[in-house]
Amino acid sequence: MPQWSINDISDPLVLEIHRSVEVRTTGTASLPVLPAYVRREHDDVLDALVVEAAAGHSRLVCVVGESSTGKTRACWEAVRKLPDGWELWQPVAPGRGQALRDGLASVGPRTVVWLNEAQLFLLTPAGGLRAELAAGLRELLSDPKRAPVLVVATLWPGYWHELTSLPADGSREDEHSEARALLSGRDVQVAARFRPDEVAAARRAGQSDPRLTLAVENANEGQVVQYLAGAPALLSRYESAPVGARSLMTAAMDARRLGHGPSLSYGLLAEGAEGYLTDEEWDSLAEDWLETALAHVASPVTGVRGALVRRRPRARRTSGGAASGEFAFPHYRLADYLDQHGRLTRQDDVVPSALWEALLVHGDRSGFLSLGESAQNRGLLRVAALFYAQADGGAEKLAQLLNDCGRQEEARPWWIRSATEQAGSFALSRVVQGAPCGTPEEAEEILKWWWDEVPKERSQGSVLSPLVQRMGPVDDPRALLWWRRAAEQGHTKAEETFVGHLRATGGPDAVLAWYRERGADGRWCPGRATDLLIGLGRAEEALTLLSSSDEDDVHSFLRLGELLLERGEERKAVEWLARAGRDSGSTGERAARVLFRMGRDDVALEALGRAAEDDDHALVVAARVLDEAGRHAESLHWWRRAASVPRPGSWVCLQYAGSLARNEELPEALVWYQRAVEGGERRFAQAVDAWELELLASQGKTAADLTRWRLTYAATTELLGKPLRRWTASDDEKLSWLLELTENGHPSAIYYAVSRLCDAGREGEALDLALAQAERGHDRAPGTVAELYSEAGELESALQWWERSARHTGHRSAAYSAGGRALREAGRTEEATAWFRRAVEAGDVDLLWLTVELYETLERHGEALAWLWQLAVRGWPFCVGLAADVLRHGGEEREAERLRRYGWEPDGSTAAAWTAPLPS
């Protein structure tokens, strides 16, 4: 009877705990086999039973819960707390029932009998054996000579009820009497879902274990453990599925990673799946293969929903009595884990034409813009054009695609469509650039189109001004209409020209009439009219105009208050300034300052208090104005309110700390000062304010202590170069500080520490430091070691360390890039190309062009083309243009031009000439 010391069990998966979902991690430290454990309500009961067992009492506990709710893991977490000397026996071979029967008599003290899935011992064997096993366990638990033992069992609720329920009335048979006597009253129920506080605990634990973060973010209704445990089972189902079912799941994964929404239609899956089947596989399928495959992928696995679950519409009755639903045809949702799995593992797999075609016919149009971008990034320009042509907002995308391909004439109708659909100036400028507009007649034709068809926006002024100017001077009757229209749309140049014309021809009253006519359509018109009236000496009219402004026109209220104050009408001025002061922006701040200068701070503070109801910035304004007036005791109240909002900024925390210090509340000031620095406030000047000196003196600190403290907190959130440049300490003090940061795990401190040592000629110490940190698992240390070896001329050693950095840290692309550059400088171009290629594949987009250039230098055009297609399959943009350049440099001008204009087909071949669709 094999038994394990509990302390020696290094792989808890042998106890049949579900394997957890896997996530990709960076750095050298790998995740433990099991995710971080989140204690739940049932753990307290289990712990109490373990304590009783450790105290010498034999106990049995049966943990009852649905599949994949954490039963087995909870048992393991409990028993591993037993003291040294306890062993665990897991009866498995040659069969569970037989193993338990054969070994039961040998169980001695301090043994855990591990009965995971206890129905396999108490329900599955033939009637005589299962009763014998239950009776044997009862005997074990009651035998004082073998105490203490702990029997740990798990069951699903259905099995629990079957084993512990009394026989039906009138039944003479009681098959489970022994099991009922064994189990009754010894169950610990495990909830199917995490409670909110347990979800919060899991989220906190996820800070050190990304699997929990993934589960918390994706689990349905608190089913965190089901997500963790079910995902691998879903993957197993995918990998072992029949070809038809697997093709459905693969089509769904690819549709999702290409950008389709989560709701996948029946037609999309059915037609898209065909592209993943070979001719032989297709011919071997039964007539009902699709229904069979859908049933297979939809069936639950390990207690969670299947790989593809049908979304049931909520039927509603129309006014005519007919039922309507969310979908006209069946739709399915892919399991989140398979969705993620597909995005990670299928990036190098070609998406077949059948799926692209199915997406075009059966896909959700709301996702066509994303699908078009996915196709374009893969160089599938024809497919992208079809998606863009049907997508809401796709006109500009299609126009730009055609323009980039050198097909400007085909792009023009889509630029026009884009300009008429959206108010942006970019598409409008493209239309203007592509249209004949050299004569007034041609310019007017475009302007008429703009006026009748295009949504208006101020940004269009720079595009339209040249056209308006081509219409002739502003005094030309035909041109005047367009100067006026452009001015009414807020185009600054046109407005200045038109207003100048009005004043020259009709005098100031003509300008005022136009301003009044525009009214609320022009935000600045009241102010400009006011300035004009004042300049004409017509102040009363200006006051009347401003006082009739809309309720929300705080700018006019401020101007009116200032004018009244200039006229000596302080009482009326205060009224209007108070209304302006309720604005939380710069207008309110300006009004408050005027009121403070008038001595009406009570009015200013009341107005700012009202503004603060909608915007916390008004609190800061009030506090600053009071501080400027030297009224620090009063400003403290406002700084306190400003700092009490959710997530106050570090600057607000700093100002509040200063206010507290000025009011001699030094202990609290220190708390907020520290919070400001830790929150990101960056103040590296050596000068220290008076209140800071008081604060430091209260804690027995000096200005030098403060500088080091500031720099240390600053260094935790950004690179160290800026703090180091502004710190006037000696080199030895800087180095000491950098070494301290390095020991504490700061990510970039090692780089600066090594640089300081090398600058001082202490290269040996620098290498020893980097090597020691590499052995401790510092993420950047291997790359630093490589750089030191490279600078010492030991390239082979450097390459080994760059390879180590790439494989075991989060700096894969940087390591391959650095190694490639070193190889290139050494003249080893072929090896450099391979390293640069790996750097690009790891994410260094900037090296893409250089790597292609090196391939061409080596005259390996075919390899360059194959590699660019591989990157295009991953969805990397620019590849089709680079491939065209490679073809052109290789003398294949015609093929290069065809590829540039038409792109690839999904199978990697250059597309035949195709015609862009026209707007409907």
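## Rings and holes: worked exercises

Ring pairs link Trp356, Phe368 and Phe387 into a cluster. Keep in mind that this is a predicted model.

**Exercise 1.** Get your bearings: work out how many helices and strands the chain has, and what share of its residues is buried.

*Solution.* Start with the secondary structure: there are 50 helices and 11 strands. Next, look at burial: of the 920 residues in the chain, 48% are buried. Then turn to the outside, where the accessible surface is about 44200 Å² and carbon and sulfur atoms own 48% of that. Last, check the contacts with a separation of 6 or more: 61% of them join residues 24 or more positions apart.

**Exercise 2.** Find the aromatic pairs, then classify the one made by Trp639 and Trp651.

*Solution.* The structure has 14 aromatic pairs in total. For Trp639 and Trp651, the ring centres are 5.9 Å apart and the planes meet at 70°; planes over 60 degrees apart count as edge-to-face, so that's what this pair is. Now place the two rings: Trp639 is in helix H34 (residues 632–643) and Trp651 is in helix H35 (residues 650–662), so the pair ties together parts 12 residues apart in sequence. Finally, check exposure. Trp639 has a relative accessible area of 1%, which makes this residue buried. Trp651 comes out at 37%, so this one is partly exposed.

**Exercise 3.** Do the same for Tyr816 and Trp835, then see which charged end sits over the Trp835 ring.

*Solution.* The centres of these two rings are 5.5 Å apart and their planes are at 80°, so you have an edge-to-face pair. Tyr816 belongs to helix H45 (residues 812–825) and Trp835 to helix H46 (residues 829–841), so parts 19 residues apart in sequence get tied together. Both Tyr816 and Trp835 are buried. As for the charge, it belongs to Arg838, whose charged end sits over the Trp835 ring, 4.9 Å from the centre. Arg407 does likewise with Trp914: its charged end sits over that ring, 4.1 Å from the centre.

**Exercise 4.** Count the cavities of 30 Å³ or more, then say what lines the largest cavity.

*Solution.* The count is four cavities of 30 Å³ or more. The largest cavity has a volume of about 60 Å³. Its lining includes Val350, Val351, Arg378, Leu380 and Pro906. Helix H48 (residues 861–873) gives the most to this lining, with three residues. Trp869, Ala872 and Val873 are also among the lining residues. Trp356 lines the largest cavity too, and ring pairs link Trp356 into the cluster with Phe368 and Phe387.

Methods:
Residues numbered from 1 in each chain as written. Predicted model: local features only at pLDDT ≥ 70, side-chain atom pairs only at ≥ 80, totals over all residues. Heavy atoms only, no water. Helix = DSSP H or I, 4+ residues; strand = E, 2+ residues; numbered from the N terminus. Buried < 20%, exposed > 50% of the residue type's maximum accessible area, 1.4 Å probe, protein only. Contact = heavy atoms within 4.5 Å. Areas by Shrake-Rupley, 256 points an atom, 1.4 Å probe, with all protein chains shown as cover. Phe/Tyr/Trp six-rings, centres within 6.5 Å; stacked < 30°, edge-to-face > 60°. Lys NZ or Arg CZ within 6 Å of the ring centre and 35° of its normal. 1 Å grid on protein atoms, 1.4 Å probe; cavity = no way out; pocket = protein on both sides within 12 Å on 5 of 7 lines; lining within 4 Å. Points joined across faces, edges and corners; volume = space filled by probe spheres on them.
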